[in-house]
Amino acid sequence: MTLPETSQMVAGRSKGARARGRAAIVARFLVVIVTTYLGLLAVTFFIGRVIPIDPVLAVLGDRAPAHVVERVREEMGLNLPLYQQFLRYLGDALQGNFGTSVLTTNPVMTDIRRVLPATFELATLGTLIGSLIGVPLGVLAAVKRGSLIDQAVRIVGLIGYSVPIFWLALLSLLLFYAQLRWVAFPGRIDVVYEYTFTPKTGLFLLDSLWQGQWDVFRDVFRHIILPASLLGYVSLAYISRMTRNFMLNELSQEYIVAARAKGLSETRIIWFHALRNAAVPLVTVIALSYASLLEGSVLTETVFAWPGIGLYITNSLQNADMNAVLGGTIVIGSIFIAINILSDILYRTLDPRTRAR
Amino acid sequence: MSPLLTVEDLRVSFPTRTGLVEAVRGVTFSLGRERLGIVGESGSGKSQTGRAIMGLTPPHARITAKTLTFDGIDLLKASPRQRRELRGNRVAMILQDPKYSLNPVMTIGRQIVETLRTHRKIGASEAKERAIAMLEAVQIRDAARVFDLHPHEISGGMGQRAMIAMMLIAEPELLIADEPTSALDVTVQLDVLAILDKLVAERGMGLIFVSHDLRLVSSFCDRVIVMYAGRIVEEIAAQDLRNARHPYTQGLLSCMPEIGSDRHPLPVLDRKPEWAL
Amino acid sequence: MTAVPSAPMSRRDWLLSDRPQSRMQARLGRAYMTWRRFSANRLALLGLGILVLLIFMAIFAGVLSPHSPVTGNLAGARLLPPGSPGYLLGTDEQGRDILSRLLHGSRLTLFVIILVAVIAAPTGLVVGAVAGYAGGWVDAVLMRITDIFLAFPKLVLALALVAALGPGIENAVLAIAVTSWPPYARIARAETMTVRNADYIAAVRLMGASPLRIVLLHVMPMCLSSLIVRITLDMAGVILTAAGLGFLGLGAQPPLPEWGAMIASGRRFILDQWWVATMPGIAILLVSLAFNLLGDGLRDALDPREAGQ
């Protein structure tokens with residue numbers, strides 16, 4: 001006796017339920033974004049306004065004349081009760097107003113807009129290097145588990161986990177710049193080109209390519225390749241290790257046996273069936289590593305004199321420019337939140353099981 | 001007529017830290033275009049026998065046999081490539097649980113088409129047509145829609161039908177079904193078995209039906225092999241099962257409850273160490 | 001039942017007995033099994049060895065150091081290369097012996113690690129255990145806060161915090177601790193949720209134990225082993241963060257021989273006197289590596305389920 005299954009048994013849920021499910025996801029995302037951002041601002045408010053004994057001093061330094069101090073105190077609303085201060089702070093921050101940098105005398109947001117593309121370019125290239133090498137390495141290590149390749153990947157990864165990046169940066173400068181002369185002096189572009197090259201997007205590699213300035217492109221490349229490779233190495237360590245774990249997990253699944261029983265080649269089984277499944281959690285890993293490279297820029301950019309947000313923050317730190325430091329913190333924090341949300345969305349689109357749930 | 005599959009003194013062993021573990025220890029049988037059941041408890045080597053024939057044992061396993069031929073092809077001497085060309089094409093296998101044995105991120109249709117296009121030079125649209133026809137053959141209604149669904153969107157019974165479709169689409173001559181209904185709801189087990197039965201009969205395939213369920217196997221197969229601790233303890237035609245000689249088979253039979261008889265306490269399966277020798 | 005014959009037993013058999021006579025024997029037996037799994041892993045043993053050496057160095061830094069870590073020989077021993085007589089690893093720009101500074105610096109490293117662990121781990125453990133045990137809105141609120149902290153850029157936040165608090169090693173520790181408790185809360189909550197509904201917790205509850213007692217004495221101990229693994233692995237990162245803060249001049253202040261700060265001061269001489277910045281970097285790398293190796297080994301030994309390696 002055979003009962004053909006009815007279509008309701010297949011569908012599982014009606015269209016209305018699915019739409020409601022989608023609305024619930026959007027609502028949850030909104031709650032997460034709003035509370036996380038509020039939390040970020042509360043913490044920076046606490047750091048900037050509550051911890052310092054005199055926030056005005058923290059912003060202006062101790063050399064400011066008395067009438068300026070009084071005016072700034074008024075402007076910052078420090079005479080108001082704390083909760084009103086926080087509301088004002090909130091309003092300002094939401095409009096992207098983080099005050100003025102003492103060091104550059106520009107609004108902090110203007111400064112950050114100027115330096116952000118440099119960091120963005122560096123971290124993106126680093127993540128690209130890390131993923132394009134790290135994922136295949138992790139796959140190979142998992143497939144040839146226990147082999148020499150596996151051991152090598154493990155050791156390369158362990159060192160990448162454990163090495164102080166600023167130190168590795170110094171040593172690599174010593175080797176590749178001072179000794180071998182393979183790369184350019186720290187910085188982003190040679191002084192020669194600073195006047196002949198007008199970037200549009202702020203991403204020098206793309207800009208020079210777009211404008212067909214090959215000599216500029218070569219120079220930019222010689223500047224970026226070392227810091228990007230270092231960041232790439234750090235993300236490679238993380239990505240290859242996680243790829244290996246995910247692949248080991250997938251390769252032990254029954255659907256792999258089924259794929260073999262179908263007569264598929266090992267190449268297709270590994271690089272298509274298993275990797276396509278491992279890619280679902282890998283997206284989160286790559287996103288996290290991208291975020292950590294943005295943050296790691298604080299340490300690498302100082303060594304390579306890379307004019308990005310990391311260098312901006314550390315320079316401001318050294319000059320006790322609190323507005324700039326906190327503005328930078330909020331911007332990096334906001335990017336973190338955005339990356340988290342994006343990776344979550346990407347995860348959902350890659351995994352059919354979580355789609356529209 | 002020479003048999004489709006000849007297995008003589010098949011041994012499968014796994015080296016472990018504590019020594020060699022022998023999962024299959026000298027199994028001999030041959031198979032024509034008939035339905036053979038292999039029964040045994042877990043760890044008896046029945047699944048490993050099936051996987052060894054498919055060439056799906058893990059790489060560190062050691063496989064030896066006096067003879068292991070499929071349609072005159074020596075499987076032990078065949079290159080990995082030759083064996084791969086057999087798999088899914090002339091010899092196929094159905095796994096236990098469709099929840100795990102279907103790739104969760106691929107649609108049902110793509111997985112079926114993949115088998116076909118691996119073994120036949122055939123265009124995409126024709127492959128799709130044939131896959132949908134195959135889905136209809138395993139009695140899935142609305143096959144064109146199911147074609148585009150992901151495994152998690154269909155029920156277990158339907159998943160196993162899709163699995164059967166995926167494995168039979170290239171029209172193999174031998175099918176190994178490894179506990180194909182054990183993970184399914186009791187209510188759909190019979191449906192899936194009926195479909196399997198019909199297709200095997202229609203297409204004249206040889207079938208190895210691996211199961212722990214003696215009654216199921218005896219009602220479904222022509223011949224039954226009973227395995228214990230890696231060896232065959234009994235080989236018998238299904239209708240003669242009541243006359244089984246080996247005490248283990250008798251034990252298995254007497255464990256099955258019967259309607260109308262009140263047997264308390266139910267007998268416990270006896271396992272004598274000398275059977276494993 | 002017959003009494004177990006008191007035949008002479010080897011210590012190993014006593015430990016591996018599957019019929020322990022006392023709670024003590026059972027515990028020791030389990031510890032022994034864990035140790036056997038752990039010590040089968042050579043790299044983990046290497047990690048443990050390096051850390052034991054670090055502790056030894058920290059304790060006996062005063063005796064082991066051939067020179068003072070803070071005052072150098074400005075006149076005759078500036079920037080000597082490694083292998084110079086009396087200065088095994090060379091000297092820095094103030095004529096200070098790098099080896100002596102590294103030996104004393106190990107104390108600062110240990111200070112940071114221990115303090116961060118002591119502040120962050122219990123905080124996370126309490127937050128997670130309370131959230132997991134209480135459930136409901138307490139759980140929702142605590143976990144939202146945890147997630148918010150998890151979504152922050154840790155290093156940058158620590159930087160901002162130290163910038164506000166003022167540079168110094170204590171503030172660096174505080175900043176690192178503030179940013180590193182959330183993962184522990186997550187782990188503790190997950191473990192608590194799994195044991196919360198266990199029968200033995202129900203039994204304790206029936207006997208009239210207060211929620212506080214249940215959480216403190218029955219739930220938290222169950223979280224410990226996964227927490228220890230995580231802390232060990234995290235310490236590698238803590239060392240790197242602390243060194244990073246030191247490198248940026250926000251951690252230990254001169255003339256303290258903090259390894260990150262030593263790299264920063266050697267940076268100026270990197271082209272000609274490479275050893276000044278290189279030596280402390282090797283020390284950081286080794287200790288961080290040791291924690292990673294030890295953590296991997298502990299994870300495999302304490303939690304064979306999770307052993308993905």
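These notes go through a predicted model, beginning with chain C as a whole, then two of its helix pairs, and finally the contact of chain B with chain A.

1. Chain C is a helical chain in this model, since its secondary structure comes to 13 helices and 0 strands. Reading from the N terminus, the elements therefore run as α after α, with no other kind of element in the series.

2. As to overall dimensions, the C-alpha atoms of chain C fill a box of roughly 80 × 60 × 30 Å along the principal axes, and of the 309 residues of this chain, 44% count as buried. Where contacts in chain C join residues at least 6 apart in sequence, 68% of these contacts join residues at least 24 apart.

3. When looking at a helix pair, it helps to recall that two packed helices are described by the angle between their axes and the distance between the axes. Helix α5 of chain C, residues 98-134, packs with helix α8 of chain C, residues 169-180, at an angle of about 40°, and their axes are 9 Å apart. The two helices α5(C) and α8(C) are therefore oblique to each other, and their crossing is right-handed.

4. The contact between α5(C) and α8(C) can be followed residue by residue: α5(C) brings L108(C), V112(C), L115(C), V116(C), I119(C) and A120(C), and these meet I169(C), V173(C), I176(C), A177(C) and S180(C) of α8(C). By class, the residues of this contact divide into 10 nonpolar, 1 polar and no charged.

5. A second pair in chain C is formed by helix α12, residues 259-266, and helix α13, residues 275-302, which pack at an angle of about 155° with their axes 7 Å apart. Because of that angle, α12(C) is roughly antiparallel to α13(C), and the crossing of these two helices is left-handed.

6. From α12(C), the residues W259(C), M262(C), I263(C) and G266(C) meet V276(C), A277(C), P280(C), G281(C), A283(C) and I284(C) in α13(C). The residues of this contact divide into 8 nonpolar, 2 polar and no charged.

7. Turning to the other chains, 36 residues of chain B are in contact with 26 residues of chain A. On the side of chain B that touches chain A, at least two residues each are supplied by α2 (80-86), β7 (91-94), α3 (98-101), α4 (108-119), α7 (156-168) and α8 (186-203) of chain B. By class, that side of chain B has 16 nonpolar, 11 polar and 9 charged residues.

Note on methods. Residues are numbered from 1 along each chain as its sequence is written. Chains are lettered from A and ligands numbered from 1 in the order in which they are written. This is a predicted model: local features need pLDDT of at least 70, side-chain atom pairs count only at pLDDT 80 or more; totals for chains, interfaces and linings use all residues. Axes are lines fitted to C-alpha atoms, for helices over the stretch in contact, and angles run from 0 to 180 degrees between N-to-C directions. Helices (H or I, at least four residues) and strands (E, at least two) are DSSP runs, numbered from the N terminus. Angles under 35 degrees count as roughly parallel, over 145 as roughly antiparallel, 65 to 115 as roughly perpendicular and the rest as oblique. A crossing is left-handed if the near helix is turned anticlockwise from the far one by less than a right angle, and right-handed if clockwise. Two residues are in contact if their C-beta atoms, placed from the backbone, lie within 7 Å. Ala, Val, Leu, Ile, Met, Phe, Trp, Tyr, Cys and Pro count as nonpolar, Asp, Glu, Lys and Arg as charged, and the others, Gly among them, as polar. A residue is buried if 20 or more other C-beta atoms lie within 10 Å of its own, exposed if 12 or fewer, and partly exposed in between; C-beta atoms are placed from the backbone.
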